[in-house]
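Okay, thanks for making time, everyone. Let me put the model up and talk you through it.

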2 protein chains.
Amino acid sequence: MSVSDRVRKGMVEGSWIRKMFEEGAILKHRYGEENIFDLSLGNPVMEPPVEFRRELKKLAEHPLPGMHRYMGNAGYPETRAAVAVQLSLETGIKFTLNDIVMTCGAAGALNVVLKTILNPGDEVIMFAPYFVEYRHYIDNHNGVARVLPTDEQFIPRLNDLEAGIGVKTRAVIINSPNNPTGAVYSEDFVHQLGELLRKKEAQYGTQIFLISDEAYRKIIYDGLEYSSVLPYYTQSIIGTSHSKDLALPGERIGYIAVHPDCSQRDELVDGFIFCNRTLGYVNAPALMQHVVRHLQSVTVSVAEYQQKRDFLYDRLVDMGYSVVKPRGAFYMFPKSPLEDDIAFVAELQQWKVLTVPGRGFGAPGYFRISYCVDDRTLEGSLTGFQKAAQKFNSC
Amino acid sequence: MSVSDRVRKGMVEGSWIRKMFEEGAILKHRYGEENIFDLSLGNPVMEPPVEFRRELKKLAEHPLPGMHRYMGNAGYPETRAAVAVQLSLETGIKFTLNDIVMTCGAAGALNVVLKTILNPGDEVIMFAPYFVEYRHYIDNHNGVARVLPTDEQFIPRLNDLEAGIGVKTRAVIINSPNNPTGAVYSEDFVHQLGELLRKKEAQYGTQIFLISDEAYRKIIYDGLEYSSVLPYYTQSIIGTSHSKDLALPGERIGYIAVHPDCSQRDELVDGFIFCNRTLGYVNAPALMQHVVRHLQSVTVSVAEYQQKRDFLYDRLVDMGYSVVKPRGAFYMFPKSPLEDDIAFVAELQQWKVLTVPGRGFGAPGYFRISYCVDDRTLEGSLTGFQKAAQKFNSC
């Protein structure tokens, strides 16, 4: 046996998602890529903003001496300082570079955080529907994932959380705007969440970290303001990336930010730096650190994503789909007209529309649509959604 | 307690190296950076080759559509194919893109490999002096490091290896050219190593992987040819990077290559791809993948490094230091004139020369010099080496 038991188990469990992708690839090969409407991946169709192109060109034409060498494992002080300035602006809390560690994307950030804080068997609470990778990240570092439900709007139920937190609870992961649902948590919610966690810390005499995955923080609609957890809970750790806000998912650039008033902050940040190194990330890619330093206030066109959301949401609702209107990110998570979401996703495939079954996010009976695609793909998918709806919807 | 027991232990054990660095930083601050001769880090002084600059400029000026998006977790097929072509040329073994997974440097490669193959408690054999990070990488994935000695030329002793391999042995890590010693293993050695591993696999009915860390493969002197393990052992896995050969350590770009005839190769490579994703690397940085695709046959000026080696080696020997002449990489690993290598390194610090105690590499009684620095630093360090030698050498 060439791979470990744990890896084999992970691969087998993920194999039906993989099967879907492989079937999608076969469809693309058979019918031509332009005839398949692939809404399965969160791979933004937009190019990075012009400001990104400008910075990259500047560095390519006038390289800084030593700009591809190792730097400290936390990243360039100048980049960390630029992130701190922007976060301070957004949250009203005073960050310095000492609160920031640059990472290989949000995935790198979350792994570094979990590696740093988890002892074997420590529990991490997450909410279904969830980003499926969380399970792997927790397992990588010998933690135990504990999954709690959300309400019909995909907002965590605080009563369930109160009952679910125990003496082994080391962290709670939230993700707003949410992948896969597009839900955005309100200020009132994060306020209550902070209070609950403080209460539970006091009850058990433990330290409970709130890990806020903010990969979609800037992709938010309808004029909503982002409700940061930071003002409401000092044991907060942010993991995020520029994959979505600057449309750079392949470049693996993101950061960890820890609340400046977090207890034992220095030890914690030292732990992050140590784990960034020893997990083999070593540091966030140097060139991207140089570039994003100047782009902290820049974001792709969120209006474009909102138009795509409006277009698709309105039509799906017209067709009879039951969908909670997403307020951010670029996913929609409709109820599957068939109870068996895998069967329904297979039906959509017959109409050359690729989506992902809700089961992949801990939420059977739903399916995920990624609408960060070009308009042609979105428009082309409508026939398939219509036909599948007609087949299974009573309406 | 904010960090886990394991991370705390790692941080405490590494803290005296850290202390050295911090003292170095204080010295630089006090006396000015130009007056401190820092030979402590393997951070190449050279800029990347002109071909790199050209490719980067081309992409910055004429971006490919979607060049910063996600690609498959294994990396771009075109880049994997380019690596395969070059490896085939160098080794005479026919690689295809299916044998290659692009990674976030060699550190990423080694973590992905170990995560993929290790069950808890599996043993990984490595040889002292070793690259200190190996211990962390093995520990990350619940493996057990087993350290074996080398001979007076820093070559692993095959008798000890034969006695050291047991039924729990899952892998052997070698590193030639070696960090910290500069030793380069001969063809005869890798041939015998392959035979021994095959014999032990047969004896125990196990599968033993030979993990070859080839980060310094192209940095080799005296007209030597690199002796690849590939022709001698099919269960070989290469982890490497372009950090040293293209002077890009901050960019985190490297790859895993598995022997095309490795048993269960497909499952193994699927495991690597899965772990590249789930460990949070996701993929090797996209832009660097585009660039290095065209640079597989390009290397920094090795002659420059050889000149630096010759310069420093000759002078250290003249001063009475006992040094095994390095045949590759850009490190030297002299015997410490004082039995206590930490004390000797502290003595060198008094003369404003920064090096690393051998203890950090599992080899007390030695110290490591990095000579990938500019000539001014190298020349400036000589007085300190001379004074320290006079103080402690009998000669």
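I'll start with the ground rules, then take chain A, the contact with chain B, and one arginine.

This is a predicted model, so to speak of local features we need pLDDT of at least 70, and side-chain atom pairs count only at pLDDT 80 or more, while totals for chains, interfaces and linings use all residues. Residues are numbered from 1 along each chain as its sequence is written, chains are lettered from A and ligands numbered from 1 in the order in which they are written, and side-chain values use heavy atoms, with hydrogens and water left out.

Right, chain A. You'll find 13 helices and twelve strands there (DSSP runs numbered from the N terminus: H or I of at least four residues for helices, E of at least two for strands). The C-alpha trace spans about 60 × 60 × 55 Å along its principal axes. Of its 395 residues, 63% count as buried, meaning under 20% relative accessible area with a 1.4 Å probe, protein chains only.

Now the interface. How much area do chain A and chain B bury between them? About 6100 Å², with 49% of it on carbon and sulfur atoms; that's accessible area (1.4 Å probe) lost on putting the two parts together, summed over both. On chain A's side, Ser2(A), His68(A) and Tyr70(A) supply 12% of the buried area, more than any other three residues. In contact terms (heavy atoms within 4.5 Å), 74 residues come from chain A and 75 residues from chain B.

There are four salt bridges between the chains, where a side-chain nitrogen of Lys or Arg sits within 4 Å of a carboxyl oxygen of Asp or Glu. One to click on joins Glu133(A) and Arg277(B), at 2.8 Å, N to O.

Last stop, Arg217(B). It lies in the loop between β6 (209-213) and β7 (236-241) of chain B. Buried or exposed, this Arg217(B)? Buried, with a relative accessible area of 8%. Leaving aside residues up to four places away in sequence, Arg217(B) touches several others, among them Leu87(B), Pro177(B) and Ile238(B). Its side chain also makes polar contacts with the side chains of Glu90(B) and Tyr255(B), each at 3.1 Å. A polar contact here is a pair of N or O atoms within 3.5 Å; within protein, one must be able to donate a hydrogen and the other to accept it, and residues adjacent in sequence count only if both atoms are side-chain atoms.

Definitions and conventions
Buried means under 20% relative accessible area, exposed over 50%, partly exposed in between (1.4 Å probe, protein chains only).
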